[in-house]
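Colleague: Could we go through this one together? I have a few loose questions and would like to jump between topics.
Modeller: Of course, ask in whatever order you like.

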Amino acid sequence: MAFDTTSAKSNLALIDFVENYLKDRGIASTRVPSPDGAKADLFVTIGSERVGGIGLSGHSDCVPVEGQTWTSDPFVLTERDGKLFGRGSCDMKGFIACVLASVPSFTARALNEPVHIIISYDEEVGCTGVRPLLARLGEDLPRPRAVIVGEPTSMAVIDAHKRIDLYRTRVTGREAHSSMPELGVNAIDAAAALIGELGRNGARIAEQQNDARFLPPHSTLCVGTIEGGTAPNIVPKHCAFQWQVRSLPTADPEELPRDLASFAESDLLPGMRRISKDAKIATETLGSVPAFVAAPGSEAVALALALTGADRAGAVSYTTEAGLFEESGVPAVICGPGNIEQAHAADEYVAISQLEACLDFLGSLAGRLSSADQAPVKAAGSNR
Ligand SMILES: [Zn+2]
């Protein structure tokens with residue numbers, strides 16, 4: 001927690017610390033640096049060099065504290081009432097700490113297959129940091145046969161999550177004196193019409209879709225920022241807004257941007273272009289995080305169910321790196337300590353009891369990977 005690894009900052013001090021902690025225990029790490037060298041992923045293998053193995057994955061970055069009111073210093077781990085407060089305690093340094101604390105129990109055993117520790121950066125800004133590491137799995141880094149992503153699930157087993165697409169729509173109009181608005185093309189008016197259309201389309205999708213595994217049971221839409229205009233007495237030439245869609249895994253992620261473009265083309269642009277031929281409405285994609293749906297009979301889900309004793313897996317509406325692992329051919333499952341309600345909030349905390357449950361989970365994993373009569377986990381139990 002004392003390493004301020006807000007996504008905009010370097011995570012190298014934390015990575016140094018983890019590397020040294022592991023080196024003291026005779027374990028080598030591989031860094032996968034960011035393009036500018038200011039951040040790095042870490043990939044660590046413990047145990048036999050055999051292929052396969054189980055990945056334990058966490059992101060090192062956390063969201064900003066600016067604008068939040070904290071009872072105690074967010075970068076000083078503080079215990080109150082059986083809870084550990086601090087930025088990242090829940091999302092998700094608690095899991096990383098449990099994994100590091102479990103290293104001695106992994107090294108003390110003769111593991112039949114390796115444990116891989118995977119620490120990423122820039123998860124909170126579109127899951128971009130793990131992507132260069134994923135590209136090396138099966139190349140110069142071993143590809144785990146399953147990965148457990150330790151995002152806060154209160155140690156429940158999660159086998160699906162929604163997708164995110166982030167867009168920016170820019171409207172270009174024409175400036176004019178506000179006493180003669182008919183000579184201008186008001187970019188803010190057009191943006192307001194577009195946002196109204198997005199709202200109607202979002203409501204339509206909410207009516208049409210219903211997947212009870214997710215809460216809410218449909219794709220959702222949020223216009224999150226808007227900027228535009230120069231002064232109250234100038235017809236504004238520019239307006240831009242950012243909007244985000246969180247889609248069900250089964251939904252068509254192109255539907256809302258397509259509908260918005262056709263509304264712009266049919267309802268807005270003809271009138272705008274009559275006044276200014278340079279009038280424009282353009283939407284660009286700023287980033288996407290794929291949905292996660294574990295493959296039927298997933299080894300990763302079966303393993304997490306066996307380790308937790310749960311009889312079924314659930315689904316969540318927040319995104320993680322799990323979909324990216326699954327896409328790169330590594331079966332994934334999400335299971336980690338802490339409640340997502342505390343993530344990103346002021347006074348973020350993880351309950352000590354959650355960390356204890358996670359340590360038990362990792363202890364069971366160590367036992368399973370080293371037991372002489374290691375039975376393959378049964379691929380069953382998902383209610384998907
Ligand atoms: Zn997280």
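Colleague: Which strands does helix α6 lie across?
Modeller: Bear in mind that this is a predicted model. Helix α6, residues 255-275, lies across β9, β11, β13 and β14, and its direction makes an angle of about 165° with β14.

Colleague: And what does helix α5 lie across?
Modeller: Helix α5, which covers residues 187-208, lies across β9 (163-172), β11, β13 and β14, running at about 10° to β13.

Colleague: In what order do the strands of that sheet come?
Modeller: The order is β11-β13-β9-β14, an open sheet of 4 strands with antiparallel pairing. Its edge strands are β11 (220-228) and β14 (280-289), each of which pairs on one side only. On average, neighbouring strands in this sheet are turned by 20° against each other, if direction is ignored.

Colleague: How many bridges hold for the pairing of β11 and β13?
Modeller: There are 8 bridges between β11 and strand β13 (residues 238-247), in the antiparallel sense. Within that part of the sheet, E227 stands opposite A240 in β13.

Colleague: Back to the helices: E255 caught my eye in α6. Is that residue buried or exposed?
Modeller: E255, which lies in helix α6, is buried, with a relative accessible area of 19%; the cut-off for buried is under 20%, so E255 falls within that class.

Colleague: What does the side chain of E255 make a polar contact with?
Modeller: The partner is the side chain of R204, at 2.8 Å. If neighbours within four places in sequence are left aside, E255 is in contact with R204, I205 and Q208.

Colleague: Changing topic, how many disulfides does the structure hold?
Modeller: The count is 0 disulfides. C98 is in none, and the nearest cysteine sulfur to that of C98 belongs to C358, 3.9 Å away.

Colleague: Why is there no bond from C358 to C98?
Modeller: Because the sulfur of C358 is 3.9 Å from that of C98, its closest cysteine sulfur, and this is too far for a bond; a disulfide needs the two sulfur atoms within 2.5 Å.

Colleague: Are those two cysteines buried or exposed?
Modeller: C98 counts as buried, because its relative accessibility is 3%, and C358 also counts as buried, at 0% relative accessibility.

Colleague: Now N339: where is that residue found?
Modeller: N339 sits in the loop between β17 (332-334) and β18 (349-351). With a relative accessibility of 27%, N339 counts as partly exposed.

Colleague: And which residues does N339 touch?
Modeller: Not counting residues up to four places away in sequence, N339 touches C90, P152 and S154. P152 is 187 residues from N339 along the chain, yet the C-alpha atoms of the two are separated by 5.4 Å. In addition, a polar atom of the N339 side chain lies 2.8 Å from the backbone nitrogen of E341.

Colleague: Finally, the overall picture: how many helices and strands does the protein chain have?
Modeller: The protein chain has 9 helices and 18 strands, and its C-alpha trace spans about 80 × 45 × 40 Å along the principal axes. Of its 384 residues, 49% count as buried.

Colleague: What about contacts over long sequence separations?
Modeller: Taking contacts between residues at least 6 apart in sequence, 81% join residues at least 24 apart. As for the surface, the protein chain exposes about 16,900 Å², of which carbon and sulfur atoms supply 53%.

Definitions and conventions:
Residues are numbered from 1 along each chain as its sequence is written. This is a predicted model: local features need pLDDT of at least 70, side-chain atom pairs count only at pLDDT 80 or more; totals for chains, interfaces and linings use all residues. Side-chain values use heavy atoms; hydrogens and water are left out. Buried means under 20% relative accessible area, exposed over 50%, partly exposed in between (1.4 Å probe, protein chains only). Helices (H or I, at least four residues) and strands (E, at least two) are DSSP runs, numbered from the N terminus. Contact means heavy atoms within 4.5 Å. A polar contact is a pair of N or O atoms within 3.5 Å; within protein, one must be able to donate a hydrogen and the other to accept it, and residues adjacent in sequence count only if both atoms are side-chain atoms. Two strands pair if DSSP finds at least two bridges between them. Axes are lines fitted to C-alpha atoms, for helices over the stretch in contact, and angles run from 0 to 180 degrees between N-to-C directions. Accessible areas come from the Shrake-Rupley method with a 1.4 Å probe; for residues, only the protein chains shown count as cover.
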